[in-house]
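Student: Could you walk me through this one? I'd like to start with how far to trust it and then get to the interior and the ligand.

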Amino acid sequence: MPDSAPTPAPAGLPRAALAPTALTPAALARAGGEITLERLTKRYADTSAVEDVSLTIRPGEFMTLLGPSGSGKTTTLNAIAGFVTPTSGRLLIDGVAVDNVPPHRRDIGMVFQHYALFPHMTVAENIAFPLKQRKVARGRRAELVGAALATVRLPGFERRYPHELSGGQQQRVAVARSIVYAPRVMLMDEPLGALDKKLRDWLQLEIKRIHDELGTTFVYVTHDQDEALVLSDRVAVFNHGRIQQVGTPGELYERPSTLFVAQFLGDSTVLRGQVNRNGSGGAGGGSDGGSTLGKCGRILRAPGSLDGAGPTDGAIVVRPERLAVHGNGGAPDGADWNTLPAVVEREIYLGSSRKLELRLPDGDPALVREQAGRLADVRPGDQVTLAWRVADSVLLTDDPDVEAALT
Ligand code: ADP
């Protein structure tokens with residue numbers, strides 16, 4: 001994003017934060033490093049923090065490690081940083097094993113949730129600190145500090161002390177301090193976790209912009225699925241110390257490979273039951289023959305099939321915007337559609353859309369999201385028909401642990 005068209009700031013941020021700047025972030029740009037985790041495992045006495053994690057993070061990529069609390073994200077990040085020694089497995093940066101390289105020699109920058117600025121140093125002194133450690137000459141230091149402050153849009157803040165800054169400004173100084181020596185890899189552990197939502201939303205876009213401008217490889221830890229979707233080129237979803245799926249935000253949302261991923265990223269309706277594979281040419285969806293699942297006396301169809309020969313415990317997952325409700329008849333039917341009866345329990349207006357919470361005859365919940373201007377004429381208490389395309393059914397193996405992991 002060019003400096004002349006900055007992201008709009010929330011009210012209350014100084015104009016200086018938005019001013020076009022003479023110093024360009026180009027001074028800090030550097031080709032990003034490639035990070036390879038090979039079967040990384042970290043065990044503590046009675047806990048397996050990370051178990052058999054393999055992942056390649058491409059040069060210049062924005063990779064987010066996403067998962068619930070305790071799923072192994074921070075341990076993985078700290079292993080990349082060198083603060084945690086793996087129990088087994090290998091870690092390579094640009095193809096070179098770094099297991100015996102101490103953190104300060106790994107060419108990485110790091111930003112934590114708590115800003116960890118030196119309180120007795122000015123902003124400029126804080127940002128210059130890593131340059132001093134690296135014995136960068138004084139004149140060059142001033143140039144680089146200026147470029148780092150321009151990159152985080154805080155020019156003119158050099159002489160302030162941390163206590164004279166808001167939380168968001170302190171975090172931007174922490175980012176400036178990490179990018180000022182142009183590391184090839186930037187690690188961020190919930191950097192926006194301590195900030196209010198409006199500021200967080202804005203700083204998310206700022207972090208994305210900084211990533212795009214610098215070309216550095218970013219590895220970002222969060223438990224916030226929306227943040228992961230906004231920021232990332234790809235996301236690695238963690239649960240119980242293992243990676244469940246790695247993919248672009250679109251792949252994870254549209255084609256989750258496990259029930260955990262489907263439920264952790266976004267809302268969905270989960271229809272559990274016995275899944276049967278159709279023979280080719282059967283009544284299932286798509287040319288692959290598809291599968292069927294019995295639910296509330298109906299046969300639901302989905303493309304694809306689950307592993308295993310006989311009937312298997314499984315689920316059809318449908319995103320709320322793919323479901324439609326029909327009040328008085330008019331629901332589509334035919335081989336391309338699934339339908340179920342339901343009762344509307346609650347409607348929630350969200351301005352640009354409406355959510356409907358429904359109950360199926362067997363007591364299971366369902367969720368529909370409709371765009372404003374295209375709302376069905378139904379209200380709480382109404383008997384309706386839910387309809388969705390067979391192609392929008394995602395077939396997944398049942399996982400009884402999913403609910404426990406999500407609460
Ligand atoms: P996350 O970042 O996803 O919240 P962590 O990587 O911090 O998860 O932790 C993963 C698991 O490892 C948790 O069960 C945590 O309690 C455990 N763990 C992390 N660090 C230590 C440690 N130093 N000693 C013992 N257990 C730890």
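Student: What pLDDT does the protein average?
Tutor: Keep in mind that this is a predicted model. In it, 90% of the residues score at least 70. Residues 1–22 stay under 50, and residues 280–287 are below 50 too. Across the protein, the average pLDDT is 88.

Student: Which element has the lowest mean pLDDT?
Tutor: At the high end sits strand E3 (residues 62–66), with a mean of 98. The lowest mean, 64, belongs to helix H9 (residues 402–406).

Student: Which helix or strand gives the largest share of the largest nonpolar core?
Tutor: That core has 37 residues, and Ile127, Val152, Ile179, Met188 and Ile207 touch the most other members. Several elements supply at least two residues each, including helix H2 (123–133), helix H4 (167–179) and strand E7 (185–189). The largest share is six residues, and it comes from H5.

Student: How many residues are in the other core?
Tutor: This core lies apart from the largest one, and its members include Ala81, Val98, Leu187 and Ala236. Its residue count is 25.

Student: Now the ligand: which element supplies the largest share of its shell?
Tutor: Among the surrounding residues are Tyr44, Pro68, Ser69 and Lys73. Strand E2 (47–57) and helix H1 (73–81) each supply at least two residues of the shell. The largest share, three residues, is from H1.

Student: How much of the ligand's accessible area does the protein cover?
Tutor: Backbone N or O atoms come in from Gly70, at 2.7 Å from a ligand oxygen, and from Gly72, at 3.0 Å. A polar backbone atom of Thr74 is 2.8 Å from an oxygen atom of the ligand. Of the 560 Å² the ligand has on its own, the protein covers 59%.

How values were computed: Residues numbered from 1 in each chain as written. Predicted model: local features only at pLDDT ≥ 70, side-chain atom pairs only at ≥ 80, totals over all residues. Heavy atoms only, no water. pLDDT = per-residue confidence, 0-100. Helix = DSSP H or I, 4+ residues; strand = E, 2+ residues; numbered from the N terminus. Contact = heavy atoms within 4.5 Å. Core = buried A, V, L, I, M, F, W, Y, C linked by side-chain atoms within 4.5 Å. Buried < 20%, exposed > 50% of the residue type's maximum accessible area, 1.4 Å probe, protein only. Near = heavy atom within 4 Å. Polar contact = N/O pair within 3.5 Å; in protein donor to acceptor, adjacent residues only side chain to side chain. Areas by Shrake-Rupley, 256 points an atom, 1.4 Å probe, with all protein chains shown as cover.
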